[in-house]
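This report looks at how the parts of one protein chain are packed against each other. Please keep the sequence and the model at hand while reading.

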Amino acid sequence: MEQEIKEALIKSGVNLEDALKRLMNNEKLLERLLIKFKADTNFQGLEKALKEKEYEGAFHCAHTLKGVAGNLGMKKLMDADIIIVEKLRNKNYEGLESDIEDLRKVYQQLMDVIQNLK
């Protein structure tokens, strides 16, 4: 993985050291998993479910996204998502619009970097 990409990932809130530790320092595997993350639809599913006020589906998408983000060292994304997961778990829907906007910003910043991976 190019140094420029690594720096951009770190700037987007990815803990590369943590992610690589989980993957036995295999940078190629991390790169493949990040490329695969581009096809993950949990963020879009979360947005759609929240828009439709389908909170059980939203919880499932948010919880899955949190797990994937955590495994890939996407700390900033995971932290923003935890807020949504916990609100949905506790059936507290107040402020979710603002929370999803915060998550969207972090997600888009990360996706902008990942799009540069081949």
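The text below takes up the nonpolar core, one helix pair, the aromatic rings and a few single residues in turn.

**Core**

The model is predicted, and local features are taken from it where pLDDT is at least 70. The largest nonpolar core holds 37 residues, and those touching the most other members are Leu9, Leu46, Met74 and Leu77. At least two residues of this core are supplied by each of H1 (3–11), H2 (16–22), H3 (27–37), H4 (42–51), H5 (55–71), H6 (75–89) and H7 (96–114). Helix H7 gives the largest share, nine residues.

What does leucine 46 contact, once its neighbours within four places in sequence are set aside? Its partners are Ala58, Cys61, Ala62, Asp81, Ile84, Leu88, Ile100 and Leu103.

**The pair of H1 and H7**

Two packed helices are described by the angle between their axes and by the distance between those axes. For H1 and H7 the angle is about 175° and the axes are 9 Å apart; since angles over 145 degrees count as roughly antiparallel, the two helices are therefore roughly antiparallel to each other. On the side of H1 the contact is made by Ile5, Ala8, Leu9 and Lys11, and on the side of H7 by Gln109, Leu110, Val113 and Ile114. By character, the residues of this contact divide into six nonpolar, one polar and one charged.

**Aromatic rings**

The count of aromatic pairs comes to three. In one of them, the rings of phenylalanine 43 and tyrosine 107 have centres 4.1 Å apart and planes at 15°, so the pair is stacked. Because phenylalanine 43 lies in helix H4 and tyrosine 107 in helix H7, this pair ties together parts that are 64 residues apart in sequence. Both phenylalanine 43 and tyrosine 107 are buried.

Tyrosine 55 and tyrosine 93 also form a stacked aromatic pair, with 3.6 Å from centre to centre and 10° between the planes. Here too distant parts of the chain are linked, as tyrosine 55 belongs to helix H5 and tyrosine 93 to the loop between H6 and H7, 38 residues apart. Tyrosine 93 has a relative accessible area of 30% and is partly exposed. One aromatic cluster is formed by Phe37, Phe43 and Tyr107.

**Single residues**

The table lists C-alpha separations for three residues, each with a partner elsewhere along the chain.

| Residue | Partner | Separation along the chain | C-alpha distance |
|---|---|---|---|
| Serine 12 | Methionine 74 | 62 residues | 8.3 Å |
| Lysine 91 | Phenylalanine 59 | 32 residues | 9.7 Å |
| Valine 68 | Asparagine 42 | 26 residues | 9.6 Å |

Serine 12 is placed in the loop between H1 and H2, and at 2% relative accessibility it counts as buried. Not counting residues up to four places away in sequence, serine 12 touches Lys76, Gln109, Leu110 and Val113; of these, Gln109, Leu110 and Val113 are also among the residues of H7 that make the contact with H1.

Is lysine 91, in the loop between H6 and H7, buried or exposed? With a relative accessible area of 61%, lysine 91 is exposed, since the cut-off for that class is over 50%.

Valine 68, by contrast, is in helix H5 and counts as partly exposed at 25% relative accessibility. With residues up to four places away in sequence left out, valine 68 touches Phe37 and Asp40, and Phe37 is one of the members of the aromatic cluster described above.

Methods. Residues numbered from 1 in each chain as written. Predicted model: local features only at pLDDT ≥ 70, side-chain atom pairs only at ≥ 80, totals over all residues. Heavy atoms only, no water. Core = buried A, V, L, I, M, F, W, Y, C linked by side-chain atoms within 4.5 Å. Buried < 20%, exposed > 50% of the residue type's maximum accessible area, 1.4 Å probe, protein only. Helix = DSSP H or I, 4+ residues; strand = E, 2+ residues; numbered from the N terminus. Contact = heavy atoms within 4.5 Å. Axes fitted to C-alpha atoms, helices over the stretch in contact; angles between N-to-C directions. Parallel < 35°, antiparallel > 145°, perpendicular 65-115°, else oblique. Nonpolar A, V, L, I, M, F, W, Y, C, P; charged D, E, K, R; others polar. Phe/Tyr/Trp six-rings, centres within 6.5 Å; stacked < 30°, edge-to-face > 60°.
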